[in-house]
Every structure is written in C-alpha cells, then in structure tokens.
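Colleague: I am new to this structure and would like a close look at a single part of it. Could you pick one helix, walk me through it, and then show me the chain around it?

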Amino acid sequence: MTTNGRGKIIVLLGAPGAGKGTQAQRLRERFCLPQISTGDILRSIAREETDLGRQVRRILEAGDLVSDEILADVVRARTGQTDCDGGYILDGFPRTVTQAEMLDGLAGEQDRDIKAVYVRVLRDELMRRLTSRRICPMCNTIYNLVTRPPKHDGICDLHETPVELFHRVDDNEEAVAHRILVWERETKPVYEYYRACDRLATVDGARPVDEVFGQIREAIGLQE
Ligand code: AMP
C-alpha cells in the first residue's frame, strides 16, 4: 500500500470548466506524473479521417459522451505505457459508473490505489469560464480571456514560433449547457461511487488556482 500520492491513480472529478485540466497540468509539472486527459486523447482521435475519428468527432461536437467501450480501450492502452509506472493523473475519466468500475478492475491489475478529488464549482461560474476558455493545440495549455489571458492576443506563451490558440467547438453556450446536463446525469453518480467507499475528497474550485492546488495536494498527500 502506498503511503502518499506517489504510485497512486489520482482521479480529478468535476463538471466541465471546474479546472480539472488546469490542476492536472500543475500536478504533472510539479510532481512529474503523467496527466491523462481523455478529452485531449479523443480530440486527437477526432482529427483522424477514419470511421472511428468521424464517429468520435460527431459525439464531441454534440457534447455527448463517447462509449464506455472506446474509453476502456483508450485508458487501458495509455495507462499501460511506461511513463505511468510511478502513478498517473486522470483528468476527465471516469465519467460514468461503468467507467469507474472498469477503473477499479484496472487498478487491481496494476496494484494501485485510487484517490478521487472532486473540484466543486457552481454552474454560473462554469458557463463564464468555458465560454472564455482558449487552448493551445500543441501543448494543451489552458488560457482564459478574462482570468488568464495569453501575453499576446490569441497566441500561446510557450513556443518560439507563434502557435494560435483555439476555442473548442463544444465551448459555446449551447454545448456547455448540454455538457453540464450530461455531467449531472452521468458523472455525479461517480462522485457518490467514490464517496460511498471513502475514496473522495472535495475541494472548493471557486478559490484562486494556487489555493485549489494546495487543497488538492493536501487531499492526496503529495509532498515535495
Ligand atoms: P473534456 O476535455 O474532458 O471536457 O472532454 C471533452 C469531450 O470528450 C466530452 O464532452 C466527451 O464528449 C468526451 N469525453 C472525454 N472524456 C470522456 C469519458 N471519460 N467518457 C466519455 N466521453 C468522454
């Protein structure tokens, strides 16, 4: 059994826009743990001109969930890579109880504990954040036009040659409202799933980013 956050599977739960991706990027940078964002993986699959790519693209654009079977394959393949040997961070997975059960099976095979952290944010704030979110297609760094704008309009701060930020097709008001509904229906039960077995900590995602990061580190027992 591990005594701190290292070696564990860290699951970041929260509605779209709660800051899971931002916090997962911080954990990755500070603790050298791989950040596995199923949304990022699916967006790259959606760019492929294959049957699977087209199928995933339609689902992402509608703001619906991709099937549990596809997710099981994606997560099993990614977490089997050697960079996951010291534990990893899941951002956006599991999103259904079936996926949570699948992850329990995988954790058993990999001999790892799971610690889930729920980043809680109210609905109006989620909508405000998502409609002003911009992302770098190269490094997936997340910006916000209001709270964390890039230094130069529309350009990622982190590359020598300019890389233009993009606005996700599912970050418009209509798709966001739908994604929040899907989250309440499908993903809230996942939070209950982890709470019932005492594997869940809740942090206040409305606090400043650094403070939320501190709360998450404390919850999962990750020290320097
Ligand atoms: P995200 O970047 O986490 O907001 O995910 C973007 C989109 O990818 C979601 O709206 C879903 O369509 C899809 N997606 C990401 N993760 C999952 C998952 N665990 N299960 C099903 N669909 C997912």
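Modeller: Happy to! Let's take helix H6, which runs over residues 123–131 and has Leu126, Met127, Arg129 and Leu130 as buried residues. Buried here means under 20% relative accessible area. These four residues lie on the same side of H6, because the arc they cover around the axis is only 170°. Please keep in mind that this is a predicted model.

What do the buried residues of H6 pack against? Their partners are two strands, E5 (133–135) and E6 (142–144), together with helix H7 (173–196).

Now let's step back to the whole chain, which has eight helices and seven strands. Its C-alpha trace spans about 45 × 40 × 35 Å along the principal axes. The radius of gyration is 17 Å, and this agrees with a compact globule, because a globule of 224 residues would have a value near 17 Å.

Burial can be followed over the chain too: 48% of the 224 residues are buried. As for contacts between residues at least 6 apart in sequence, 71% of them join residues at least 24 apart.

Finally, a look at the outside and the charges. The chain has an accessible surface of about 11,600 Å², and carbon and sulfur atoms account for 49% of that area. There are 32 positive and 37 negative charges in the chain, and the mean positions of the two sets are 3 Å apart.

Methods. Residues are numbered from 1 along each chain as its sequence is written. This is a predicted model: local features need pLDDT of at least 70, side-chain atom pairs count only at pLDDT 80 or more; totals for chains, interfaces and linings use all residues. Side-chain values use heavy atoms; hydrogens and water are left out. The radius of gyration is taken over C-alpha atoms; the globule rule is 2.2 Å times the number of residues to the power 0.38. Buried means under 20% relative accessible area, exposed over 50%, partly exposed in between (1.4 Å probe, protein chains only). Contact means heavy atoms within 4.5 Å. Accessible areas come from the Shrake-Rupley method with a 1.4 Å probe; for residues, only the protein chains shown count as cover. Lys and Arg count as positive and Asp and Glu as negative; His and the chain ends are not counted. The place of a charge is taken as NZ of Lys, CZ of Arg, CG of Asp or CD of Glu. The arc is that of the directions from the helix axis to the C-beta atoms.
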